[in-house]
Amino acid sequence: MFLPSGDIREQYKLLLDTFRSLPQEELLRRKHSADLSFLTQGITFTVYGKKEGTERIFPYDMLPRIITGAEWDTIERGLIQRITALNLFLGDVYNEGKILQSGAVPREIVYSCPHFRREMRGLQVPRNVYIAVTGTDLIRLNDGRFVVLEDNLRVPSGVSYMLSSRRVMKRTFPKIFREYGVRPIEHYPQALLASLRSLAPEGRPEPTIVLLTPGVYNSAYFEHTYLARQMGIELVEGRDLVTHNNVVYMRTTAGLRRVDVIYRRVDDDFIDPLAFRGDSILGVAGLFNAYRAGNVTLANAFGTGLADDKALYAYVPAIIRYYMGEEPILDNVETFLMTDKKQRQYALANLDKLVVKAVGESGGYGMLIGPHASRADREDFARRIEANPRNYIAQPTLEFSRAPCLINADNTGTSIEPRHVDLRPYILYGDKVTVVPGGLTRVALRKGSLVVNSSQGGGSKDTWVLDD
């Protein structure tokens, strides 16, 4: 909201004036109204491993984050460049492997990744699109640049919170929303539906599309139901589908109905007990054979987790240069690979200054924030790194940007205080690449915290991209 000089940024003046002019009681009333809206809609998430109950209302901050049109144009170009290169990388690695032959990406990084699927070798996917839906996490540094913190290519979540936050914000502050000229995001579900439809198998002009969920106990089940309803497609679990002669069918009250496209929110390991984990009850037996025969499309494709492995992340700039012949528009965060002896020694000697991440974890789990960790925790992570270097990366502890938040809005004495934020825009890849203007701004609501994940005490706020 403020420049380093202390002056308010131009785009925030009207917003701050509006909030300052509202009486305390009115702010509390609007916050209560917003919370009630989230509650009645069932906008919740699940925290795993907590004894006091897992289901929680998603924390929401009423002060929106504002991004100018010029800033967004750079973000959009960088995301399109990145997702295009990663898609080309997956197509290459699962077929000819030219980038591995060139040495731009080491073979051992690819083949040691638990999300690399040898079953995908030589398979042609519709339109050569491996990644139909992406959520890429960005942070803003002290110099004003947005950089990529990580890519989420398997089953990226959170878009329902983005859409719900916008709807609540428009209802809570309709006047100021109109005055700002905010770019719309409400078309996301239909843009997603169009992307999925474009990936249907040949000869299926009116494809049947379903959303495959692990079920009601999944942390993002609200989102699954929300998106299925918004797109007007069926929400199914594995038990609702059956394969016959390498064709997937959905059980309905009128009999079996052929399924052409599956927007899946189930990880590879659990999606087909015949091809992957035999103990899974979440998937569909024979689904991979139907996919291999070209009779059904999955979004995202099997094996895309390779490209969001945190160790492979370090090579994305090289991947962009190799396939696009361009310099990355959005930079990576400096990353130390624990498989490299010299980098590992540096990281082990500086754990009190670094953030350590497990390459296959998400949601803020499996992470050490060195400056905030105890000596015992750092020693524990040092042992883990030594035992399995491939499973960890390290990055500098970044002083990334903060945004104003309404604190103690449920009590008297509401104040505006800074909290760390990141941004997760959503990219759709079908017959074209679409980046919805905005995304999910996640907030580390605990004072001093750098972890924005909802499972670790984080919340969200609406993201306004201006027309300028």
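Reader: Which residues does Thr-441 touch, not counting residues up to four places away in sequence?
Author: First, this is a predicted model, where local features need pLDDT of at least 70 and side-chain atom pairs count only at pLDDT 80 or more, while totals for chains, interfaces and linings use all residues. Residues are numbered from 1 along each chain as its sequence is written, and side-chain values use heavy atoms, with hydrogens and water left out. With contact meaning heavy atoms within 4.5 Å, Thr-441 touches Arg-65, Val-421, Asp-422, Leu-423, Gly-459, Ser-460, Lys-461 and Thr-463.

Reader: And where is Thr-441 found?
Author: It sits in a strand, and strands here are DSSP runs (E, at least two residues), just as helices are DSSP runs (H or I, at least four residues), both numbered from the N terminus. The one that holds Thr-441 covers residues 440-444 and is called S21.

Reader: Does Thr-441 count as buried or exposed?
Author: The call rests on relative accessible area: under 20% is buried, over 50% exposed, and partly exposed lies in between (1.4 Å probe, protein chains only). Thr-441 has 0% relative accessibility, so it counts as buried.

Reader: Which side chain makes a polar contact with the side chain of Thr-441?
Author: A polar contact is a pair of N or O atoms within 3.5 Å; within protein, one must be able to donate a hydrogen and the other to accept it, and residues adjacent in sequence count only if both atoms are side-chain atoms. At 2.6 Å, the partner of Thr-441 is Thr-463.

Reader: How many residues of strand S4 are buried?
Author: S4 runs over residues 133-140 and is largely enclosed by the rest of the structure. Val-133, Gly-135, Asp-137 and Ile-139 point one way, Thr-134, Thr-136, Leu-138 and Arg-140 the other way, and all are buried. That makes the count eight of eight.

Reader: Which residue in S5 stands opposite Leu-138?
Author: Strands count as paired if DSSP finds at least two bridges between them. S4 pairs with strand S5 (residues 146-152) in the antiparallel sense, over six bridges. Opposite Leu-138 in S5 is Val-148.

Reader: Which residue takes a positive phi in the hairpin of S4 and S5?
Author: This hairpin has five residues between the strands. The phi in question is near 95°, and the residue is Gly-144.

Reader: What is the bridge partner of Thr-134 in S19?
Author: S4 is also joined to strand S19 (residues 426-429), by three bridges, and the two run antiparallel. Thr-134 is partnered there by Ile-427.

Reader: Which strands stand at the edges of the open sheet with the order S7-S6-S11-S12?
Author: This is an open sheet of four strands with parallel pairing. Each edge strand has a single partner strand, so one side of it is left without a neighbour in the sheet; they are S7 (234-236) and S12 (297-299).

Reader: Which residue in S11 stands opposite Leu-212?
Author: Four bridges join strand S6 (residues 209-212) to strand S11 (residues 261-264), and these run parallel. Facing Leu-212 in S11 is Arg-264.

Reader: At what angle do helices H3 and H12 pack?
Author: Two packed helices are described by the angle between their axes and the distance between the axes. Axes are lines fitted to C-alpha atoms, for helices over the stretch in contact, with angles from 0 to 180 degrees between N-to-C directions. H3 (residues 69-93) and H12 (residues 316-324) have axes 9 Å apart, and the angle is about 80°.

Reader: Why are H3 and H12 described as they are, and what is the term for their arrangement?
Author: Angles under 35 degrees count as roughly parallel, over 145 as roughly antiparallel, 65 to 115 as roughly perpendicular, and the rest as oblique. With an angle of about 80°, H3 and H12 are therefore roughly perpendicular.

Reader: Which residues of H9 meet H8?
Author: The axes of H8 (residues 188-198) and H9 (residues 221-231) come within 9 Å and cross at roughly 80°. H8 brings Tyr-188, Pro-189, Gln-190, Leu-192, Leu-193 and Leu-196 to the contact, and H9 brings Leu-227, Gln-230 and Met-231.

Reader: How many residues of H8 are buried?
Author: H8 is mostly covered. Among its buried residues are Ala-191, Ser-195 and Ser-198. Of its eleven residues, the number buried is eight.
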